[in-house]
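Reader: Could you walk me through the ligand site? I would like to see how each label is earned.

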Amino acid sequence: MSALDVSVFPSDFAWGAATAAYQIEGGWNLDGKGPSIWDTFCHAKGQVFEDQTGEVACNSYQLWEKDLKCIQQLGLTHYRLSISWSRLLPDGTTNHVNPKGVAYYNKVINDLITCDVTTMVTLYHFDLPQALQDRGGWNSAEIADIFESYARFCFKTFGDRVKLWITLNEPYVCAKLGHEDGIIAPGIKEPGISAYVAAHNMVRAHTKAWHSYNADFRPLQGGQISLALNSDWTEPLDPGCPKDVAATERYKAFTLGWFAWPLFCTGDYPESMRSRIEAKSLELGYNQGSRLPHFSKNEPSPLGTADFFALNYYTSRKVKDWNSACKNSELSFKCDQGAEGVVDPSWPICGVHWLAVVPDGLRKLLKHIKDTYTNLPIYITENGFSQMGPVQIEDVDRCHFYHDTLQEVCKAISQDGVNVKGYFAWSLMDNFEWIHGFSVRFGLFHVDFATPELKRTIYRSGREYAAVISKHRTETKSKNVEDILSRNV
Ligand code: GBH
């Protein structure tokens with residue numbers, strides 16, 4: 001294994017780890033917190049592994065100091081956390097503010113500052129206030145204004161100290177898995193319709209929040225704001241087969257392109273997405289208007305509403321044509337897309353079934369983003385490796401994974417000229433992995449969920465990540481000293 005050349009990373013590189021409120025906080029009904037759609041989803045039995053819930057999770061609501069110790073032990077320069085919307089605003093609106101929620105996040109942010117750690121805050125990581133779901137959630141047009149008010153409240157309350165904001169985490173996942181497949185909260189299964197509406201309202205919500213920040217907060221607070229997009233890297237299953245090649249382009253358009261095209265390219269969805277959906281509607285005799293909404297001329301455009309590119313990368317897929325597999329009468333996202341992604345049998349699977357380990361996919365994806373979307377700085381806001389079954393504190397496979405991945409990031413920076421500004425490991429510690437509950441572990445720290453102390457223990461991969469960070473910091477420091485000395489002679 002070749003050593004990692006840390007000098008390739010810029011001196012101000014962000015070394016981070018990420019978490020999300022519902023996955024770590026617990027305290028689901030403490031101190032005035034309102035329920036979120038994940039509370040509801042977990043409480044309706046049969047949806048999550050062994051009917052587990054995030055009621056307690058890592059109990060970060062009460063054990064935050066333990067998390068802070070972990071952050072310090074790793075030597076992180078950055079920590080990405082998410083705010084539980086319904087902990088701050090129990091019914092989702094600014095009509096009722098929960099002071100204990102404000103106090104909790106103030107403490108977290110202030111402690112991080114004291115420890116010289118920069119905070120990146122995600123406003124929405126899958127946990128919509130249930131009260132807003134009851135009003136139609138992401139399928140209702142009014143949600144965009146409500147989100148904007150929530151975002152403004154957070155900028156006003158925390159923006160003097162928080163300079164890196166993510167509006168929404170993975171709108172693709174929320175739209176497709178939450179509103180098409182119905183396998184995550186809010187569990188809506190309206191194939192071919194609901195995901196497009198939900199996604200549209202998420203883009204509108206993000207756009208309004210960005211414009212608010214840009215006009216009313218940036219001049220004083222000077223921060224940056226984006227949204228986090230997840231994407232696999234994809235290549236045709238058979239590169240010599242034109243159908244697979246075309247399917248791969250569609251796959252890209254219907255996943256990353258769905259959100260990146262409006263923000264970075266045209267202010268609208270990819271043309272191929274629009275034409276496919278129109279054609280399918282016609283073919284199926286669907287005549288209740290366009291299933292893919294249009295951006296209104298009366299609202300601000302999404303184009304240009306990201307100050308950096310935030311990427312969550314986990315895995316890769318080989319893509320094959322899916323057109324002939326669609327039944328004539330089927331209305332669905334997948335048939336609109338006409339493509340299927342499969343795992344290459346040569347790729348190892350780590351833990352959870354979907355996670356094929358393909359570190360070099362990250363390098364290719366970074367280059368693709370640079371070439372297709374933007375030259376803005378890129379933060380890798382999530383990337384990680386899971387364990388299932390017996391716990392291995394000496395997680396050698398995960399160590400290799402982080403090493404290989406950071407090696408690919410190096411190549412992206414030094415050979416492809418990609419402007420990568422930071423890397424956030426998913427996750428700081430084992431946590432509630434959505435429908436898989438606690439059976440899938442992504443942490444740099446192990447959490448003992450069997451005991452109420454919820455003890456955190458560093459994995460070997462955590463120690464190695466800490467060593468990389470420390471090496472980079474030492475080298476940059478001595479380089480700075482050299483620079484100063486050489487200037488003096
Ligand atoms: C991230 O999503 C989330 O932001 C984070 O909260 C989560 O803990 C982390 O991943 C690890 O899962 O079951 O075949 O339908 C990553 C993107 C997209 C990966 C949906 C899992 C489901 C595949 N996710 N995908 S499948």
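Reader: What makes the approach of Glu170 to the ligand a polar contact?

Author: Happy to explain! A polar side-chain atom of Glu170 is 2.8 Å from an oxygen atom of the ligand. A polar contact is a pair of N or O atoms within 3.5 Å, so this pair qualifies. Keep in mind that the model is predicted, with side-chain atom pairs counted only at pLDDT 80 or more, local features needing at least 70, and totals for chains, interfaces and linings using all residues. Residues are numbered from 1 along each chain, and side-chain values use heavy atoms, without hydrogens and water.

Reader: Which other side chains have a polar atom 2.8 Å from a ligand oxygen?

Author: His125 has one, and an N or O atom in the side chain of Trp434 does too. The protein buries 79% of the 590 Å² that the ligand exposes when taken alone (Shrake-Rupley method, 1.4 Å probe).

Reader: Why do you say that the ligand sits in the largest pocket?

Author: Sitting there means that more than half of its atoms lie within 2 Å of the pocket's grid points, and the ligand is placed in the largest pocket because it meets that test. A pocket is an open set of points on a 1 Å grid over the protein atoms alone, where a 1.4 Å probe fits, with protein on both sides within 12 Å along at least five of seven lines.

Reader: How many residues line the largest pocket?

Author: The lining has 41 residues, each with an atom within 4 Å of a point. Among those nearest the centre are Tyr172 and Trp354.

Technical notes. A polar contact is a pair of N or O atoms within 3.5 Å; within protein, one must be able to donate a hydrogen and the other to accept it, and residues adjacent in sequence count only if both atoms are side-chain atoms.
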